[in-house]
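Welcome! Open your viewer, turn on a cartoon view, and get ready to select a few pieces one after another.

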Amino acid sequence: MIIEPNIRSNFFTNAHPLGCRQNVLNQINEAKALCTFQGPKNVLIIGGSSGYGLASRIALAYGSNSNTLNVSFENEPKGSKTGSAGWWNNIYFQEFAKETNQIHKDFVGDAFSSEMKQNVINYIKEHLGGIDLVIYSLASGGRMNYETNELVRSHIKTLGEDAVGKTIDVVSKEIYNLTLTQGSEQEVKDTVYVMGGSDWYAWMLALDHEKLLNKHVKTLSYTYIGGPTTVKIYRGGTLGKAKEDLEKHAVMIDVLLKDKYLGEAAISSSKAVTTKASVFIPQMTIYVSCLYEVMKKHGVHESILAHKHRLFSEMVYGNKRIVDDQNRIRLDHLEMESHIQKETVEMMTTLSNDELLQLHGTKIFLRDFYQINGFVFDSIDYSKDVDLETLAKQLPK
Ligand code: NAD
């Protein structure tokens with residue numbers, strides 16, 4: 001099968017396995033070139049197959065020789081379906097990470113379910129004994145409520161008034177306006193249920209109940225704060241309410257871990273990067289593109305892997321932590337510097353659409369967007385046939 005990008009309404013419906021392999025390998029090579037650090041022995045990552053969760057996994061497996069367990073929700077290839085990028089990322093992480101001689105285990109299924117929590121608990125009991133770091137890096141459009149058997153969906157909406165902002169059509173490479181309407185009370189509630197902190201809390205209570213948290217255990221979840229151009233849509237919208245809930249749960253978990261384990265729970269505010277969801281959030285694509293341009297110019301642009309490596313080596317297990325008045329770890333401090341924000345906003349508001357599309361930052365955004373799904377890597381010959389069945393047979397068991 002020749003695998004070409006299949007994108008519908010800015011959403012990839014397929015992935016290229018060999019490109020996903022390259023994506024994982026590039027991050028591993030980057031991690032190997034960075035310093036090693038004294039970090040956690042056993043790590044559980046909820047949402048570790050892509051984005052910030054995968055970068056965290058690689059940074060820890062290679063930076064501090066950690067054992068890693070990863071829970072993710074991914075589709076395997078079937079017939080003409082290529083499987084999701086995260087599914088291949090898991091497979092190829094396992095292939096490469098054999099060289100670490102540590103334990104790396106994947107659980108594919110619904111992290112929100114009690115069944116998944118029990119499976120992970122059983123595995124920890126049998127193979128690791130206890131956990132030193134839990135990372136909750138889940139991003140999902142829906143959560144099954146197992147009590148009512150209803151799928152609850154999250155919503156990207158504003159509060160108070162509608163908002164219009166630009167986004168990029170990743171196929172035609174044109175900029176167009178996207179409108180976000182106001183979320184209802186129910187939609188806020190649902191978004192908080194899916195993307196808030198209740199499931200993170202449930203994981204921590206379950207691990208505590210089973211006595212699987214080690215002394216000095218830490219847990220982290222990732223938030224986004226951002227600046228004035230995204231506030232109406234992100235922090236001031238339905239997603240912002242979910243992040244407030246996540247941060248509220250961090251305080252509750254922190255009390256539990258401090259008292260019982262001399263541990264801690266923390267929120268890290270990470271910088272804006274290219275994600276599958278960026279194109280559906282008005283202004284975000286343009287903001288990230290201009291931000292890349294400005295941060296590159298000032299020599300402070302970081303890859304997703306370098307960002308997470310710095311989180312663990314300097315701010316979580318090192319002594320260079322920067323926190324705000326709510327005790328959130330501000331890994332995004334470079335993005336939030338006033339001159340970076342000022343230049344980014346200026347660029348967003350003064351450049352024409354054509355000029356925005358010509359920016360090096362926009363080209364990086366679009367390249368990253370395609371590479372998340374395994375496309376546009378120079379090292380891959382995309383005209384070559386990919387035999388998914390044979391590939392699956394060659395994979396490590
Ligand atoms: P992503 O979409 O790349 O990864 C999400 C992960 O969650 C995947 O591993 C996926 O398999 C997993 N997942 C989704 N539903 C699941 C389920 N039901 N069961 C098990 N696993 C499931 O997301 P990302 O962009 O890396 O975001 C991760 C976190 O970082 C989010 O909380 C996000 O808000 C936060 N964050 C992102 C940015 C950004 O710019 N991307 C910035 C700051 C903070």
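How many bridges join strand 7 to strand 8, and do these strands run parallel or antiparallel? Select residues 142-145 for strand 7 and residues 150-153 for strand 8: four bridges join them, and they run antiparallel. Keep in mind throughout that you are looking at a predicted model.

**Stop 1: the hairpin**

Show glycine 142 next, and look across to strand 8, where arginine 153 is its bridge partner. Between the two strands of this hairpin there are four residues. Pick asparagine 149, which sits in that loop. Its phi is positive, near 60°, in a residue other than glycine. Is asparagine 149 buried or exposed? Asparagine 149 is exposed, because its relative accessible area is 62%, and the cut-off for that word is over 50%.

**Stop 2: the open sheet**

Now select the strands of an open sheet of six, in the order 5-4-3-6-11-12; the pairing is parallel. Which strands stand at the edges? They are strand 5 (104-108) and strand 12 (264-269); each has a single partner strand, so one side of each is left without a neighbour in the sheet. On average, neighbouring strands here are turned by 15° against each other, direction ignored.

Within the sheet, highlight strand 6 (residues 131-136) and strand 11 (residues 213-223), which pair in the parallel sense over five bridges. Show tyrosine 136 and you will find serine 221 of strand 11 opposite. Add helix 7 (residues 238-261) to the view: it packs on the sheet and touches strand 11 and strand 12. The direction of helix 7 makes about 170° with that of strand 11.

**Stop 3: helix 6**

Select residues 198-209 to see helix 6. This helix lies across strand 3 (42-46), strand 4 (67-72), strand 6, strand 11 and strand 12, and it runs at about 170° to strand 11. Try a distance check on its end C-alpha atoms: they are 16 Å apart, which agrees with the 16 Å that twelve residues should span at 1.5 Å a residue. Now show the side chains of its buried residues: Asp199, Trp200, Trp203, Met204, Ala206, Leu207 and Asp208. After helix 6 comes lysine 211, whose phi is positive, near 60°.

**Stop 4: the cores**

Next, go to the largest nonpolar core, which has 80 residues. Those touching the most other members are Ile58, Tyr62, Ile135, Leu220, Tyr287, Leu311 and Phe312. Helix 8 (residues 284-297) gives this core its largest share, nine residues. Apart from it lies another core, of 33 residues, including Leu138, Leu212, Leu246 and Ile253. In soluble globular proteins, nonpolar side chains tend to be buried together.

Zoom in on leucine 311: leaving aside residues up to four places away in sequence, it touches Leu220, Tyr222, Ser268, Val316, Ile329 and Leu331.

**Stop 5: single residues**

Pick asparagine 122 in helix 4 (residues 114-128). Asparagine 122 is partly exposed, with a relative accessible area of 37%. Add glutamate 210: the two are 88 residues apart in sequence and 9.7 Å apart in space, C-alpha to C-alpha.

Then compare two cysteines. Cysteine 35 is partly exposed at 45% relative accessibility, whereas cysteine 290 is buried at 0%. The count of disulfides is zero.

Finish at valine 376, in the loop between helix 13 (360-371) and helix 14 (388-394). Valine 376 has a positive phi of about 60° although it is not a glycine, and it is partly exposed, with a relative accessible area of 40%.

Conventions. Residues numbered from 1 in each chain as written. Predicted model: local features only at pLDDT ≥ 70, side-chain atom pairs only at ≥ 80, totals over all residues. Heavy atoms only, no water. Buried < 20%, exposed > 50% of the residue type's maximum accessible area, 1.4 Å probe, protein only. Disulfide = S-S within 2.5 Å. Expected span 1.5 Å × (residues − 1). Core = buried A, V, L, I, M, F, W, Y, C linked by side-chain atoms within 4.5 Å. Contact = heavy atoms within 4.5 Å. Pairing = 2+ DSSP bridges. Axes fitted to C-alpha atoms, helices over the stretch in contact; angles between N-to-C directions.
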